[in-house]
Each structure stands twice: as structure tokens, then as C-alpha cells.
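Colleague: I'd like to go through this model with you and ask where its labels come from. Could you take me through the reasoning step by step?

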Amino acid sequence: MKLSIFLLAFFLGGTLYVLLELLWRGRSHVSMFCAGGLALLLLHGLFLRFALPLFAQCLVGGLVITAIEFVAGAIVNVHLKLNVWDYSKMPLNLYGQVCLPFSLLWCLLTLPISFLSGYLATL
């Protein structure tokens, strides 16, 4: 696969995630561009490598995005103390960095990611 497609996946993921955050909560942070870019990049690579059914893609996507969010939160919110987000008031949260309701939302978000990845594979 061409490096340019992976760069495109990173920039698309970052841009789309920031736009989603701006629509959802009216603000975002550069760390979310990086997290979104990494998420689409990793998921695109996984979906190219493994032919998973759509349901499995959504589960894997939810897990991958949640893991990225947890690591990003540990760095940005805990270590750097930037307080970009805080899920501590959400049910079933882990150190306020991830929570089950948003993890389920990431599973749903993987549906359009899967289709976008399929499109990127044709380029």
C-alpha cells in the first residue's frame, strides 16, 4: 500500500474527529486530531489485513478507539494535566479517561470508518 494513502487516512481521521467533537461539544484539541488520525490509520490497516465481518469490525474498532483514547487521556489529561476531557461522572469509567457509553459509541462510529476504509482501499 502506498504511503500517501496512509497519510491520507491519518489526516482524514484527524480532521473528521475534530469536526465530530466541534459538532458534539463545541470545542476540540490538537491531541484529538492525533488520536483520530491514529485511529483511522490503525483501523484502515487492520481492515486491509484482515477480512472481518462488519459486526467484528465495529467491535474491534470500538476497542481500538477506546485504547487510543485511554492512552491519549493518560498523556494529555493525567500527565500533562491539560484536562481536555473527563469521563469521571460517566458510568463505568476507567480513571475518568474512558467509559462504557463512549466505547459503545466508538463501536457505532466504526461503521462509517469501515466504509471509508473500503473507499481508501480503492485509491
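**How the labels are earned**

Modeller: Happy to. Let me begin with L92, which is exposed, its relative accessible area being 66%. Please keep in mind that this is a predicted model.

Colleague: What makes L92 count as exposed?

Modeller: The cut-off for exposed is over 50% relative accessible area. L92 has 66%, so the label is exposed. As for its place, L92 sits in the loop between α3 and β1 (93–94).

Colleague: Which feature of the backbone stands out at L92?

Modeller: Its phi is near 55 degrees, which is positive in a residue other than glycine. Most residues other than glycine have a negative phi. Y95 is another case, with a positive phi of about 55 degrees although it is not a glycine. Y95 lies in the loop between β1 and β2 (98–99).

Colleague: How do you know whether Y95 is buried or exposed?

Modeller: By its relative accessible area of 66%. Exposed begins over 50%, so Y95 is exposed.

Colleague: Let's turn to the helices. Why are α2 and α3 called roughly antiparallel?

Modeller: Helix α2 (residues 30–49) and helix α3 (residues 54–79) pack at an angle of about 150 degrees, and their axes are 10 Å apart. Angles over 145 degrees count as roughly antiparallel, so α2 and α3 earn that name. Their crossing is right-handed.

Colleague: Which residues make that contact between α2 and α3?

Modeller: From α2 come S31, A35, L38, A39, L42, L43, L46 and F47, and from α3 come Q57, V60, G61, V64, I65, I68 and V76. Sorted by type, these contact residues of α2 and α3 are 12 nonpolar, 3 polar and no charged.

Colleague: And what makes α1 and α2 oblique?

Modeller: Helix α1 (residues 3–25) and α2 pack at about 130 degrees, with axes 6 Å apart. Roughly perpendicular covers 65 to 115 degrees and roughly antiparallel starts over 145. The angle of about 130 degrees fits neither of those classes, so α1 and α2 are oblique. This crossing of α1 and α2 is right-handed.

Colleague: Which residues of α1 and α2 meet?

Modeller: Among them are I5, F6, A9 and F10 in α1, and M32, F33, C34 and G36 in α2. The residues of this contact of α1 with α2 divide into 14 nonpolar, 7 polar and 1 charged.

Colleague: Why are α2 and α4 called roughly perpendicular?

Modeller: α2 and helix α4 (residues 100–122) pack at an angle of about 65 degrees, their axes lying 9 Å apart. The class runs from 65 to 115 degrees, and α2 and α4 are therefore roughly perpendicular. α2 passes α4 in a right-handed crossing. L40, L43, H44, F47 and L48 in α2 meet T110, I113, S114, L116, S117, L120 and A121 in α4. Of the residues in this contact of α2 with α4, 8 are nonpolar, 4 are polar and none is charged.

Colleague: How many disulfides does the structure hold?

Modeller: There are 0 disulfides.

Colleague: How do you know that C58 is not bonded to C107?

Modeller: A disulfide needs two cysteine sulfur atoms within 2.5 Å. The closest cysteine sulfur to that of C58 is in C107, 7.0 Å away, so the pair is too far apart for a bond.

Colleague: Are C58 and C107 buried or exposed?

Modeller: Buried means under 20% relative accessible area. C58 has 13%, so C58 is buried. C107 has 17% and counts as buried by that cut-off.

Colleague: What makes A74 partly exposed, and T66 buried?

Modeller: A74, in helix α3, has 32% relative accessibility. Partly exposed lies between the cut-offs of 20% and 50%, so A74 belongs there. T66 is found in helix α3, and its relative accessible area is 15%. That is under 20%, so T66 is buried.

Colleague: Which residues do A74 and T66 touch, leaving aside neighbours within four places in sequence?

Modeller: A74 is in contact with H79 and Q97. T66 is in contact with V98, S103 and W106.

Terms used
Residues numbered from 1 in each chain as written. Predicted model: local features only at pLDDT ≥ 70, side-chain atom pairs only at ≥ 80, totals over all residues. Heavy atoms only, no water. Axes fitted to C-alpha atoms, helices over the stretch in contact; angles between N-to-C directions. Helix = DSSP H or I, 4+ residues; strand = E, 2+ residues; numbered from the N terminus. Parallel < 35°, antiparallel > 145°, perpendicular 65-115°, else oblique. Left-handed = near helix turned anticlockwise from the far one by under 90°. Contact = heavy atoms within 4.5 Å. Nonpolar A, V, L, I, M, F, W, Y, C, P; charged D, E, K, R; others polar. Buried < 20%, exposed > 50% of the residue type's maximum accessible area, 1.4 Å probe, protein only.
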